[in-house]
Amino acid sequence: MADQPSSAQGRTEQAEEQSQRARLEEAEARAARYKQLSFDDGNIILQADTASFCVHRSILSLHSEVFRDMFAVGNSDGEETRDGVPVLRLPDQDDELYELLRALYLPQHINRTIPMDFGLSLILLKMSTKYMVNFVRQEIISRLIRCYPNSIRKYRTRRVRAEDKNHILALEAALQHDVPVILPTVFLNCCQMSLDDILDGISIADGSILHFTPSTLKVILRGRQKLLDLQRLWLADFMPKFTSQLHCKEVREGLAQVFVSKSMVESFDMFAPLSGEGLCRACKHDMAREWWIMRADIWRKVPECFGLRWESAPVAARVTR
Ligand SMILES: [Zn+2]
């Protein structure tokens, strides 16, 4: 009994020591990563929040109009220097600037064949938009389109599916950094989240909660209602045609129950294929055709539900002015 507090204290100290060591190791690893993008022959020091990178004006100017303009006006008398190299202070976080520079110097990291963390792709979207680095922005937008395709065929066969929390991040990023091409599909995915998650947000690893802003929440809830109505209207039209057929009548009636079940009507998974199990081949074919027409019709109306329209990808011209 008597030694309990001290052993508990020992454990706490040990845990603290461990987490301190982990933090230290992480900081060292980060510093080593940053150092890779500081060059002896660099001629401009970019100072982010705490980290700095000695890089080349020529390389940055080649890819970014914003940097080109900054360098053009930067040669004033009171210029800050470090070891004779001019310092340019930027309002960016260390990791954000690091990732942009890494994409410029080591573009193989953003090659489309390499999987990319969703968070990283949003950092790169933000930075490439801010500094007008076209090739990075285009690459990230095509990645986002693979996740949120703007055609029903690609949507049905998409291999990359974002987690629910990413819909919240993608929506804010698309609005903030001008990527209208993914907006209808992102909104559609937001509607497929549970109502609780839509209203209360989703907690993430660091303990914080990601949630929609009040204005996007309104758009989502209104759009969700409109989608439900479209789905209901379509079913009301489809169902009598489907069940009045004499062929495979019993199976048809059984399937009709499934179609109008609450879980199906409210799942918003209206673009998933139907199996039509139990129907003969001819009836299966009929049903698939009708269902396809319905989905294509609703898909066309998805953007309207959110006050948008389908945009064609990509948006290269928009970036270069
Ligand atoms: Zn049949």
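Two strands pair if DSSP finds at least two bridges between them. Helices (H or I, at least four residues) and strands (E, at least two) are DSSP runs, numbered from the N terminus. The model shown is predicted: local features need pLDDT of at least 70, side-chain atom pairs count only at pLDDT 80 or more, and totals for chains, interfaces and linings use all residues. Residues are numbered from 1 along each chain as its sequence is written.

**View 1. The hairpin of strand 1 and strand 2**.
Strand 1 and strand 2 form a hairpin, with 4 residues between them. The strands, residues 44–47 and residues 52–55, run antiparallel and are joined by 4 bridges. Ile-44 stands opposite Val-55 in strand 2, and Ile-45 stands opposite Cys-54. In a regular strand the side chains alternate between the two faces of the sheet. Strand 1 shows this alternation: Ile-44 and Leu-46 point to one face and are buried, while Ile-45 and Gln-47 point to the other face and are not buried. A residue is buried if 20 or more other C-beta atoms lie within 10 Å of its own, exposed if 12 or fewer, and partly exposed in between, with C-beta atoms placed from the backbone.

**View 2. The open sheet of 4 strands**.
The strand order is 2-1-4-3, and the pairing is mixed. Strand 2 and strand 3 (81–82) stand at the edges with a single partner strand each, so one side of each has no neighbour in the sheet. Strand 1 pairs with strand 4 (residues 85–89) in the parallel sense over 3 bridges. Across this pair, Ile-45 stands opposite Val-87, and the bridge partner of Gln-47 is Arg-89.

**View 3. The hairpin of strand 3 and strand 4**.
These two strands pair in the antiparallel sense over 2 bridges. Arg-82 has Val-85 in strand 4 as its bridge partner. The hairpin has 2 residues between the strands, and Asp-83 takes a positive phi near 50 degrees.

**View 4. The crossing of helix 5 and helix 6**.
Two packed helices are described by the angle between their axes and the distance between the axes. For helix 5 (residues 118–130) and helix 6 (residues 134–147), the axes come within 9 Å and cross at roughly 140 degrees. Axes are lines fitted to C-alpha atoms, for helices over the stretch in contact, and angles run from 0 to 180 degrees between N-to-C directions. The crossing is left-handed, a term used if the near helix is turned anticlockwise from the far one by less than a right angle. Ser-121, Leu-124, Leu-125, Ser-128 and Thr-129 in helix 5 meet Val-136, Arg-137, Ile-140, Arg-143 and Leu-144 in helix 6. Two residues are in contact if their C-beta atoms, placed from the backbone, lie within 7 Å.

**View 5. Leu-124 and the largest nonpolar core**.
This core has 54 residues, and those with the most contacts inside it are Leu-100, Leu-124, Leu-144, Ile-182 and Val-186. A nonpolar core is a set of buried Ala, Val, Leu, Ile, Met, Phe, Trp, Tyr and Cys residues joined through C-beta atoms within 7 Å. Apart from its neighbours within four places in sequence, Leu-124 is in contact with Glu-99, Leu-100, Ala-103, Ile-110, Val-136 and Ile-140.

**View 6. Leu-171 and Gln-176 in helix 8**.
Helix 8 spans residues 164–176 and contains Leu-171. Leu-171 counts as buried because 22 C-beta neighbours lie inside 10 Å. Not counting residues up to four places away in sequence, Leu-171 touches Val-186, Cys-190 and Thr-216. The C-alpha atoms of Leu-171 and Asp-49 are separated by 26 Å, with their positions 122 residues apart along the chain. Gln-176 is exposed, with 12 other C-beta atoms within 10 Å. Gln-176 and Arg-222, 46 residues apart in sequence, are 21 Å apart in space, C-alpha to C-alpha.

**View 7. The protein as a setting for the close-ups**.
The protein has 15 helices and 6 strands. Its radius of gyration is 27 Å, well over the 20 Å that the globule rule gives for 321 residues, so the protein is more spread out than a compact globule. The radius is taken over C-alpha atoms, and the rule is 2.2 Å times the number of residues to the power 0.38. Buried residues make up 25% of the 321 residues.
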